[in-house]
Amino acid sequence: MREFDERSRAFFELVLPAVDMYELSGSLVIEVDMPGFSRENINLKATQSTLHISAKRERNKDVDTFYISQRPLRIRKTLRLPVDVDTATEPNAKYENGVLTVSLPIKGAKSIRIQ
């Protein structure tokens, strides 16, 4: 059973986390489901065409017996971005209710206001 537990967690660490990526007002917004992690243990690095996410958390030590544990203890994910982002401009990131939201300005994109 322990071997199954470790293999299933390794699988979920490979395929997770779930990601949504969309454009909003000249920025590329990336939402990543990361429940159970603390803000202090999440690291981000953006390049012009990639976003690197790494995070780790400790297993809950207050539990007497684990029967199955598939939630990842660590995440190492590199996302290829569909557009080039402007790394000279300060990106915006927040972690709230287990969801990491990163907003990166799109290189050369400008919002046009209609009058």
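Tyr-22 is a handy place to start: this residue is found in strand E1, which covers residues 19-24. Keep in mind throughout that we are looking at a predicted model.

Is Tyr-22 buried, partly exposed or exposed? With a relative accessibility of 34%, Tyr-22 ends up partly exposed, because that class takes in whatever falls between under 20% and over 50%. Setting aside neighbours up to four places away in sequence, Tyr-22 is in contact with Ser-27, Leu-28, Val-29 and Glu-31. With Glu-31 there is also a side-chain to side-chain polar contact of 3.0 Å. Looking further along the chain, Pro-82 is 60 residues away from Tyr-22 in sequence, yet their C-alpha atoms are separated by 9.5 Å.

Now for the overall layout. The chain has one helix and seven strands, and from the N terminus on they run α-β-β-β-β-β-β-β. Of its 115 residues, 30% count as buried. If you take the contacts between residues at least 6 apart in sequence, 59% of them join residues at least 24 apart.

Strands E3 (residues 42-46) and E4 make an antiparallel pair with five bridges, and the hairpin that joins E3 to E4 goes through three residues. One of the bridges links Ile-42 to Ala-55 in E4.

Ile-42 turns up again in the largest nonpolar core, which has 18 residues. Which members touch the most others there? They are Ile-30, Met-34, Phe-37, Ile-42, Leu-51, Leu-81 and Leu-100. The elements that give two or more residues to this core are strands E2 (27-33), E4 (50-56), E5 (74-80) and E7 (99-105).

Phe-37 deserves a closer look. Not counting residues up to four places away in sequence, Phe-37 touches Ile-42, Ala-55, Lys-56, Arg-57, Pro-72, Leu-73, Arg-74, Ile-75 and Tyr-95. So what lies over the face of its ring? That would be Arg-57, at 5.9 Å from the ring centre. The structure holds zero aromatic pairs.

Arg-57 itself is found in the loop between E4 and E5. At 15% relative accessibility Arg-57 counts as buried, because the limit is under 20%. Besides Phe-37, the residues touched by Arg-57 include Gly-36, Arg-71, Pro-72 and Leu-73, again leaving out those up to four places away in sequence.

Leu-73 is found in the loop between E4 and E5 too, and at a relative accessible area of 16% Leu-73 is buried. Leu-73 and Gly-36 are 37 residues apart in sequence, with 8.9 Å between their C-alpha atoms.

Finally, a word on backbone angles. Most residues other than glycine have a negative phi, and most peptide bonds are trans. Against that background, here are two non-glycine residues with a positive phi.

| Residue | Phi | Location | Relative accessible area |
|---|---|---|---|
| Ser-25 | near 50° | loop between E1 and E2 | 60%, exposed |
| Asn-97 | about 55° | loop between E6 (92-96) and E7 | 77%, exposed |

Ser-25 and Asn-97 each count as exposed because their relative accessible areas, 60% and 77%, are over 50%.

Key: Residues are numbered from 1 along each chain as its sequence is written. This is a predicted model: local features need pLDDT of at least 70, side-chain atom pairs count only at pLDDT 80 or more; totals for chains, interfaces and linings use all residues. Side-chain values use heavy atoms; hydrogens and water are left out. Rings of Phe, Tyr and Trp (its six-membered ring) pair if their centres lie within 6.5 Å; planes under 30 degrees apart count as stacked, over 60 as edge-to-face and the rest as tilted. A charge sits over a ring if NZ of Lys or CZ of Arg is within 6 Å of the ring centre and within 35 degrees of the ring normal. A nonpolar core is a set of buried Ala, Val, Leu, Ile, Met, Phe, Trp, Tyr and Cys residues joined through side-chain atoms within 4.5 Å. Buried means under 20% relative accessible area, exposed over 50%, partly exposed in between (1.4 Å probe, protein chains only). Helices (H or I, at least four residues) and strands (E, at least two) are DSSP runs, numbered from the N terminus. Contact means heavy atoms within 4.5 Å. A polar contact is a pair of N or O atoms within 3.5 Å; within protein, one must be able to donate a hydrogen and the other to accept it, and residues adjacent in sequence count only if both atoms are side-chain atoms. Two strands pair if DSSP finds at least two bridges between them.
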